[in-house]
Amino acid sequence: MQFCVAQSAFSSDIAKTMRRLPPLRALEAFIRVARLGSSKAAAAELALSAPALSRRIKSLEDHIGKPLFERRNQAMVLNDDGQTLLEAVAPAMETIGEAVDQMTVSGGDLRLRLGVLPLFGATRLVPRLPELRKLYPKLHIDVDTSTHAENMLGDVIDAAIIIADHVDPNLYSVKLDSNKVYAIAAKELVNGPNAIKTPDELEGHNILIHSDMAKAFDRWKEAVGKPDLDPANVDQMNSGPLMLEAAAQGLGVAIMHGGHFSDANDPRLARLFDYDIDSPYSYWFVCRKRDKKNRAVRIFHDWVVKAGL
């Protein structure tokens, strides 16, 4: 009888401990919002509606008994309590995820969750993936084309290929290339009767730049000796393929990487001018330092570097 009482008390203690844990889905939503800084972006990554995400965050705040974020227009910024909680629970959630991943690997298969930008993926990565498949037929890759993939490392993805002017030193990174900045336009603006002959003439045209690569246009203007160049308009897009298509349709002159131009191999497009301008941005392979030990990450990293993508 005493044993039964002790067992019952022990079970009760466990139950009380378990009841103190908030739902894992609420913690997952909290970590995602904390890393992305946006409830809208976090909801998209979790495939949730905005109200559903808000309910998960509120349930966690209600469970803890205090707010975890400062709401600023569209942004959500961790307060001190939120930062303390993130530092405490994020490593534990990552450990849980890694343990589940290890348990779900079957038949020797390996799975890599990779973040890659659409243009790089379509023109440089996917055409070379058959080579990787021949070397490692059991390696499978789930691709995420979201922007700012570095913010999702350890959460949604294991590794990423990003384009950036610098990388967080807390991450493991390898620079994959160096780029040149080109002015790219529809062929009729290069060779036709209304061809643009000098950079000064861009003041009457629309300029297309990538919203995450504004420094490229500044670098280009400085290199051509026109730092104060004032075009008719500057339109921003967050997609390289869309920029190329817009330029091909005559909607503006795209200031972007020469590699994107050559990889696209679009006969409707041509390069303006003949300036050789180094870009402040490069492609990088990135992952968390601890994930470099992950076999799938290591295999992909070694292949990317050796293949010279």
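User: What makes you say that helix α12 lies across β3, β4, β5, β6 and β12?

Analyst: This is a predicted model, and in it α12 covers residues 295-307 and runs at about 55° to β3. Lying across those strands rests on contact, which means heavy atoms within 4.5 Å. Helix α6 (residues 118-125) also lies across strands, namely β3 (110-116), β5 (159-164) and β12, and runs at about 120° to β3.

User: In what order do the strands of that open sheet with β3 come?

Analyst: The order is β4-β3-β5-β12-β6, and the pairing is mixed. Neighbours in this sheet are turned by 25° against each other on average, direction ignored.

User: Why are β4 and β6 called edge strands?

Analyst: Because two strands pair if there are at least two bridges between them, you can look for partners on each side. β4 (139-144) and β6 (171-175) each pair on one side only, and that puts them at the edges.

User: How do you know that β6 and β12 pair?

Analyst: The cut-off is at least two bridges. β6 and β12 (residues 282-288) have five, in the antiparallel sense, so they count as a pair. For a spot to look at, Ser173 stands opposite Val286 in β12.

User: Why is Asp158 called buried?

Analyst: Buried means under 20% relative accessible area. Asp158 comes out at 9%, so it counts as buried. Asp158 sits in the loop between β4 and β5, and its contacts, leaving out residues up to four places away in sequence, include Arg111, Cys287, Asp291 and Val297.

User: What about the other open sheet, with the order β9-β8-β10-β7-β11?

Analyst: That one has five strands and mixed pairing. β9 (233-237) and β11 (269-272) are its edge strands, each pairing on one side only. The twist averages 35° from one strand to the next.

User: What makes β8 and β10 a pair?

Analyst: They have two bridges, in the parallel sense. The rule asks for at least two, so that's enough. Here Ile207 stands opposite Val253 in β10.

User: Why is the pair of Tyr172 and Phe285 called edge-to-face?

Analyst: Planes over 60 degrees apart count as edge-to-face. For Tyr172 and Phe285 the angle is 75°, with 6.5 Å centre to centre, so the name fits the rule. Tyr172 is in strand β6 and Phe285 in strand β12, 113 residues apart.

User: Buried or exposed: which word goes with Phe285, and what is Tyr172?

Analyst: Phe285 has a relative accessible area of 0%, so it is buried. Tyr172 is at 24% and is therefore partly exposed. The two rings also belong to one aromatic cluster with Phe300 and Trp303.

User: And why are Phe217 and Trp220 called stacked?

Analyst: Stacked needs planes under 30 degrees apart, and theirs are at 25°. Both lie in helix α9 (residues 214-223), three residues apart, about one turn of the helix. Phe217 is buried at 5%, and Trp220 is buried at 2%.

User: How do you know that Lys221 lies over the face of Phe217?

Analyst: One part of the rule is NZ of Lys within 6 Å of the ring centre, and Lys221 is at 4.7 Å. Arg271 lies over the face of Tyr182 as well, at 3.7 Å from the ring centre.

User: How confident is the predictor, going by the mean pLDDT of the chain?

Analyst: The mean is 85, and 89% of the residues reach 70 or more. Residues 1-18 stay under 50, and the model has zero contacts for them beyond four places in sequence.

Methods. Residues are numbered from 1 along each chain as its sequence is written. This is a predicted model: local features need pLDDT of at least 70, side-chain atom pairs count only at pLDDT 80 or more; totals for chains, interfaces and linings use all residues. Side-chain values use heavy atoms; hydrogens and water are left out. Helices (H or I, at least four residues) and strands (E, at least two) are DSSP runs, numbered from the N terminus. Axes are lines fitted to C-alpha atoms, for helices over the stretch in contact, and angles run from 0 to 180 degrees between N-to-C directions. Buried means under 20% relative accessible area, exposed over 50%, partly exposed in between (1.4 Å probe, protein chains only). pLDDT is the predictor's confidence in each residue, from 0 to 100. Rings of Phe, Tyr and Trp (its six-membered ring) pair if their centres lie within 6.5 Å; planes under 30 degrees apart count as stacked, over 60 as edge-to-face and the rest as tilted. A charge sits over a ring if NZ of Lys or CZ of Arg is within 6 Å of the ring centre and within 35 degrees of the ring normal.
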